[in-house]
Amino acid sequence: MTDDPTSPLARVREIALLLPETEERTSHGQPTFFVAGKQFAQFRDDHHGDGLTVVCVKTSDADEQAMLLEAAPNTYTRPAYLGPSGWVGVNLAGDPDWTLVEDRIARSWELAAPRRLLEAGGR
């Protein structure tokens with residue numbers, strides 16, 4: 001999947017790595033993106049056999065998480081392990097809305113980025 005430049009992972013990687021001071025590392029066996037040592041996105045493909053291809057991103061709090069899950073259950077899921085911390089999975093199956101995916105990844109980066117990056121103009 002990683003060799004295909006149109007794969008969901010390649011698209012997520014391209015979006016995430018455009019953000020300032022982002023690095024990719026494997027965490028818990030998954031391609032994971034960090035800013036200043038803080039995780040802000042994780043790509044999952046059939047994680048523990050769940051059949052989903054998602055990018056997991058932070059939300060501002062449990063209320064935002066609940067609102068997203070209720071408003072768009074075909075787009076958002078509550079990911080294993082990260083869900084209790086307010087994260088959501090954005091569905092990448094089929095023909096995802098890549099503008100939405102880009103926005104959610106960037107918003108998650110903003111929630112994890114240090115103040116100095118945000119004050120410098122962020123993304």
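This is a short talk about the fold, the core and a few individual residues of one protein model.

Hi everyone, thanks for coming. A word on conventions before we start. The model is predicted, so please keep in mind that local features need pLDDT of at least 70, side-chain atom pairs count only at pLDDT 80 or more, and totals for chains, interfaces and linings use all residues. Residues are numbered from 1 along each chain as its sequence is written, and side-chain values use heavy atoms, with hydrogens and water left out.

Let's begin with the overall picture. The protein has four helices and six strands, where helices (H or I, at least four residues) and strands (E, at least two) are DSSP runs numbered from the N terminus. Along the sequence the order is α-β-β-β-β-α-β-β-α-α. The C-alpha trace spans about 40 × 35 × 25 Å along its principal axes. For 123 residues, a compact globule would have a radius of gyration near 14 Å, and the protein agrees, with 14 Å; that radius is taken over C-alpha atoms, and the globule rule is 2.2 Å times the number of residues to the power 0.38.

Next, burial. Of the 123 residues, 43% count as buried, meaning under 20% relative accessible area, with exposed being over 50% and partly exposed in between (1.4 Å probe, protein chains only). The protein exposes about 6700 Å², and carbon and sulfur atoms supply 47% of that; the areas come from the Shrake-Rupley method with a 1.4 Å probe, and for residues only the protein chains shown count as cover. As for contacts (heavy atoms within 4.5 Å), among those with a separation of 6 or more, 46% are between residues 24 or more positions apart.

So what sits in the middle? The largest nonpolar core has 25 residues, and Val12, Phe40, Val55, Val101 and Ile105 touch the most other members. A core here is a set of buried Ala, Val, Leu, Ile, Met, Phe, Trp, Tyr and Cys residues joined through side-chain atoms within 4.5 Å. At least two residues of this core come from each of helix 1 (8–17), strand 2 (30–35), strand 3 (38–45), strand 4 (53–57), strand 6 (88–91) and helix 3. Helix 3 gives the largest share, six residues.

Let's stay with helix 3 for a moment. It covers residues 98–112, and its 15 residues should span 21 Å at 1.5 Å a residue; the end C-alpha atoms are indeed 21 Å apart. The expected span is 1.5 Å times one less than the number of residues. At the start of the helix, a side-chain oxygen of Asp97 comes within 3.1 Å of the backbone nitrogen of Thr99. Its buried residues are Trp98, Val101, Arg104, Ile105, Ala106, Ser108, Trp109 and Ala112. If you click on Ile105, you'll find it touching Val12, Ile15, Ala16, Leu19, Phe40, Val55 and Val57, leaving out residues up to four places away in sequence.

Several of those partners belong to helix 1, so here is that helix. Pro8, Leu9, Ala10, Val12, Ile15 and Ala16 are buried there, and their cover includes strand 1, strand 2, strand 3, strand 4 and helix 3.

Just after helix 1, in the loop leading to strand 1, is Glu21. This non-glycine residue has a positive phi, near 55 degrees, and at 45% relative accessibility Glu21 counts as partly exposed. Thr22 is in strand 1 (residues 22–27) and is buried, at 14%. A polar atom of the Thr22 side chain lies 3.0 Å from the backbone oxygen of Leu19. Beyond its neighbours within four places, Thr22 contacts Ala16, Leu17, Phe33, Phe34, Phe40 and Trp109.

Now two histidines in loops. His28 lies between strand 1 and strand 2 and is exposed, at 76%. Its side chain makes a polar contact with that of Ser27 at 3.1 Å; such a contact is a pair of N or O atoms within 3.5 Å, where, within protein, one must be able to donate a hydrogen and the other to accept it, and residues adjacent in sequence count only if both atoms are side-chain atoms. His48 sits between strand 3 and strand 4, has a positive phi near 50 degrees, and is exposed, at 64%.

Last stop: Gln65 in helix 2 (residues 62–71). Is Gln65 buried or exposed? Buried, with a relative accessible area of 7%. Outside its neighbours within four places, Gln65 contacts Thr59, Arg78, Gly83, Gly86, Trp87 and Val88.

That's my tour, thank you!
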